[in-house]
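I sat down with this one to take a few quick notes. Here is what I looked up, in the order I went.

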Amino acid sequence: MTTDVVISDADAQEEISIINPIPGEVIGAVKQFSRQDMQDAVKKARSAQIEWGAMSVKARCRIIRRWGDSLWDNHKQVMEIIRKETGKNDTGAFLEIIGVDNTVGYYTSRGPRILRSKKRRPLFP
């Protein structure tokens, strides 16, 4: 099922329904953003990027690892949300969490090395 999201100049407070694909029932709703909502979100994200970029890579990795740990701490609730929103079974939902955890583990353990400054010889002298 696809949902078309329209960003308009209207400041409507319409909602987009979240539908469980198995029984077809509405399980929630999210606000449809107006153009101004979207511009405000981008402005906020750009501001947060300045603070995030000022942190060391190791500090950012610690934050991401804590987020990954909280995913495991709440894995039953997360699996339930995944199942309801996608129609996946327990195994499929659990594999989603494992995939995220593997990605978090890879980048938090290798990020500082991958992102460190390196001297490279120029292609042409």
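**The hairpin**

I began with the strands, keeping in mind that this is a predicted model. Strand β1 (residues 15–19) pairs with strand β2 (residues 26–31) in the antiparallel sense, and I noted five bridges between them. Which residue in β2 stands opposite Glu15? I found Lys31 there. Next I looked at the link of the hairpin: six residues lie between β1 and β2, and Gly24 takes a positive phi near 80 degrees.

**The chain overall**

I then stepped back to the whole protein chain. I listed four helices and two strands, and read from the N terminus the elements run β-β-α-α-α-α. How many of the 125 residues count as buried? I have 14% in my notes.

**A nonpolar patch**

On the surface I picked out a nonpolar patch of about 420 Å², made by Tyr106, Tyr107, Ile114 and Leu115. I followed up on Ile114, which is found in helix α4. Is Ile114 buried or exposed? Neither quite: with a relative accessible area of 39%, Ile114 is partly exposed, because that class lies between the 20% and 50% cut-offs.

**A positive patch**

My last stop was a positive surface patch, formed by Arg110, Arg113, Arg116, Lys118 and Arg120. I checked where Arg120 sits, and Arg120 is in the segment after α4 (90–115). Arg120 has 65% relative accessibility, so I wrote Arg120 down as exposed, the cut-off for that being over 50%.

Notes:
Residues numbered from 1 in each chain as written. Predicted model: local features only at pLDDT ≥ 70, side-chain atom pairs only at ≥ 80, totals over all residues. Heavy atoms only, no water. Patch = residues over 30% accessible without salt bridge, like charges linked within 9 Å, V, L, I, M, F, W, Y side chains within 5 Å. Areas by Shrake-Rupley, 256 points an atom, 1.4 Å probe, with all protein chains shown as cover. Salt bridge = Lys/Arg side-chain N within 4 Å of Asp/Glu carboxyl O. Lys, Arg positive; Asp, Glu negative; His and termini not counted. Charge placed at Lys NZ, Arg CZ, Asp CG, Glu CD. Buried < 20%, exposed > 50% of the residue type's maximum accessible area, 1.4 Å probe, protein only. Pairing = 2+ DSSP bridges.
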